[in-house]
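Please open the model in your viewer and keep the sequence beside it, since the tour moves from one selection to the next. Each stop says what to select and then what is there.

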Amino acid sequence: MTPEARIATAADLLDVILAGDPAERALTDWARRNRYAGSRDRAAIRDHVYDALRCRRSFALLGGGETGRGLMLGYLLSEGRDPRDVFTGQGYGPAPLTGAEAAALAETPAEALRAAPRPVACDMPDWLWPQLETSLGDRTETIAAILRRRAPVFLRVNLRKTDRAAARAALAAEEIVTRPHALAETALEVTDGARRVAMSRAYDEGLVELQDAASQAVAAALPLREGLSVLDYCAGGGGKTLAIAGRIDGTFTAHDADAGRMADLPERARRAGIAVTLTDRPRGPFDLVLCDVPCSGSGAWRRSPSGKWALSQETLDRLNATQLDILKRAAGLVAPGGTLAYVTCSLLRAENQERVAAFRATDPGWRIAAERQFLPDEGGDGFYLACLSRTG
Ligand SMILES: C[S@@+](CC[C@H](N)C(=O)[O-])C[C@H]1O[C@@H](n2cnc3c(N)ncnc32)[C@H](O)[C@@H]1O
């Protein structure tokens with residue numbers, strides 16, 4: 001496919017996504033129907049689609065409308081390109097601009113963004129902006145700008161099987177280039193060959209796992225020691241369980257309200273050389289109960305940009321209620337002297353500090369032994385961790 005044809009396809013797909021189809025499904029369906037497209041075409045189209053979803057408001061402003069074509073026009077302008085060179089109708093490229101489209105283009109993109117309301121220029125929903133400012137203070141615009149860009153690919157080195165230098169060498173032998181990342185001693189950032197990771201021997205043999213660097217840093221910040229009994233109360237795919245089990249010997253139990261979300265965990269644990277028990281009814285006590293609760297996902301919006309536009313105050317209120325409910329249930333599973341660890345990948349105080357305060361208001365027998373917030377300007381996704389111990 002020509003670069004212009006990829007833009008035309010991305011514009012068509014964005015129309016389908018803006019009408020309500022999930023981005024992943026739209027991309028997969030399109031690839032199935034268009035077998036002629038090679039892996040590079042599919043990757044380029046995917047990048048265009050996700051770039052536009054991350055920058056939906058600013059691209060719409062520049063391109064003159066929130067349609068597939070408008071977003072791709074805005075994308076080209078944001079790159080300093082003249083859309084008329086691409087929208088020519090030739091080589092399967094997008095049809096030439098209509099008079100109305102040409103008239104709606106931003107003449108001077110940089111000025112248009114400077115003059116735009118902050119939530120538009122920073123690609124955030126209007127209703128959420130005040131909450132972001134309350135949560136992030138003078139880092140708000142910097143963090144929002146980072147969430148407009150693609151996320152790096154990070155790997156976690158499985159210290160049970162190797163160390164960081166040996167893992168790097170094994171990956172390099174398969175043309176996967178990495179560099180250590182400062183957020184965690186286990187973290188590698190992939191600088192070349194990211195698409196080869198899942199098919200590599202290093203991955204198949206459990207030397208590395210795909211995991212965000214801040215997520216790894218959360219595991220490293222937990223009060224871990226040998227022999228600990230650990231319950232991952234909201235285990236999902238088990239990323240945190242595996243990261244903890246990679247650091248210490250102990251017993252590891254995984255639970256999730258939706259057991260289907262743990263379907264891949266046994267295979268991932270086997271690859272990593274770790275024993276994990278799955279349960280639908282955890283029986284305490286456990287030394288460490290980790291609650292990596294469902295949340296807005298705002299710390300990871302560069303990976304899942306659709307979440308940014310789908311979130312509403314109503315959804316946030318529902319999430320807040322679930323978060324508190326999980327803390328109350330999980331608290332009863334913690335052994336005397338043990339730790340209740342509360343984790344989100346959210347940037348919002350409402351899901352972080354305020355949830356912990358709400359929990360402590362209902363059960364004053366807990367104190368905050370440690371608290372840490374990771375923000376995307378440190379390189380990884382945004383995460384919040386509070387370690388709670390019983391008072392007295
Ligand atoms: C942020 S995800 C967990 C991600 C996972 N810990 C990881 O690192 O890969 C939150 C998980 O909480 C689960 N969940 C939602 N409500 C729950 C509840 N009331 N009790 C336990 N788990 C719940 C969801 O099914 C989801 O898998």
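Two strands are said to pair if DSSP finds at least two bridges between them, and the elements themselves are DSSP runs numbered from the N terminus, with helices (H or I) of at least four residues and strands (E) of at least two. The model is a predicted one, in which local features need pLDDT of at least 70 and side-chain atom pairs count only at pLDDT 80 or more, whereas totals for chains, interfaces and linings use all residues. Residues are numbered from 1 along each chain as its sequence is written.

**The sheet of four strands**

Select strand S1 (residues 153-157) together with strand S3 (residues 187-192), which pair in the antiparallel sense over 4 bridges. Within this pair, Arg156 has Ala187 in S3 as its bridge partner, and Leu155 has Leu188 in S3.

Add strand S2 (residues 177-180), which pairs with S3, also in the antiparallel sense and over 4 bridges; a hairpin of 6 residues joins S2 to S3. Here Thr178 stands opposite Val190 in S3, and Arg179 stands opposite Glu189 in S3.

With the remaining strand shown, the whole is an open sheet of 4 strands in the order S2-S3-S1-S4, with antiparallel pairing. S2 and strand S4 (208-210) stand at the edges with a single partner strand each, so one side of each is left without a neighbour in the sheet. Neighbouring strands of this sheet are turned against each other by 40° on average, direction ignored.

Now bring in helix H11 (residues 164-172), which lies across S1, S2, S3 and S4 and runs at about 165° to S2. For this and later angles, axes are lines fitted to C-alpha atoms, for helices over the stretch in contact, and the angles run from 0 to 180 degrees between N-to-C directions. Contacts between residues are counted where the C-beta atoms, placed from the backbone, lie within 7 Å.

**The sheet of seven strands**

Which order do the strands of the open sheet of 7 strands take? The order is S7-S6-S5-S8-S9-S11-S10, and the pairing is mixed. The edge strands are strand S7 (277-278) and strand S10 (366-374), each of which pairs on one side only.

Select strand S5 (residues 228-232) and strand S8 (residues 286-292): these run parallel and are joined by 3 bridges, and Leu231 stands opposite Val289 in S8. Helix H13 (residues 213-221) packs on the sheet, where it touches strand S9 (334-344), S10 and strand S11 (383-390), and its direction makes about 15° with that of S11.

**The surroundings of the ligand**

Next, select the residues near the ligand, where near requires a C-beta atom, placed from the backbone, within 6 Å of it. There are 16 residues around the ligand, the closest being Cys234, Gly236, Gly239, Ala257 and Asp292. Helix H14 (239-245) and helix H17 (313-331) are the elements that give two or more residues to this shell. By class, the shell has 6 nonpolar, 5 polar and 5 charged residues, where Ala, Val, Leu, Ile, Met, Phe, Trp, Tyr, Cys and Pro count as nonpolar, Asp, Glu, Lys and Arg as charged, and the others, Gly among them, as polar.

**Two helix pairs**

Stay with H17 and add helix H18 (residues 353-362): the two pack at an angle of about 50°, with their axes 10 Å apart. H17 and H18 are therefore oblique to each other, given that angles under 35 degrees count as roughly parallel, over 145 as roughly antiparallel, 65 to 115 as roughly perpendicular and the rest as oblique. Asn320, Gln323, Leu324, Leu327 and Lys328 in H17 meet Arg355, Ala358, Phe359 and Thr362 in H18. By class, this contact has 4 nonpolar, 3 polar and 2 charged residues.

Then turn to helix H1 (residues 3-18) and helix H3 (residues 39-54), which pack at an angle of about 50° with their axes 9 Å apart. That makes H1 oblique to H3. From H1, Arg6, Ile7, Thr9, Ala10, Leu13 and Leu14 meet Asp41, Ala44, Ile45, His48, Val49 and Ala52 in H3, a contact with 8 nonpolar, 2 polar and 2 charged residues by class.

**Two backbone details**

Most residues other than glycine have a negative phi, and most peptide bonds are trans. Select Pro285, in the loop between S7 and S8: the peptide bond from Gly284 to Pro285 is cis, with omega near 0°. Finally, select Asp123, in the loop between helix H8 (118-121) and helix H9 (129-136); the phi of Asp123 is near 60°, a positive value in a residue other than glycine.

Notes:
Two residues are in contact if their C-beta atoms, placed from the backbone, lie within 7 Å.
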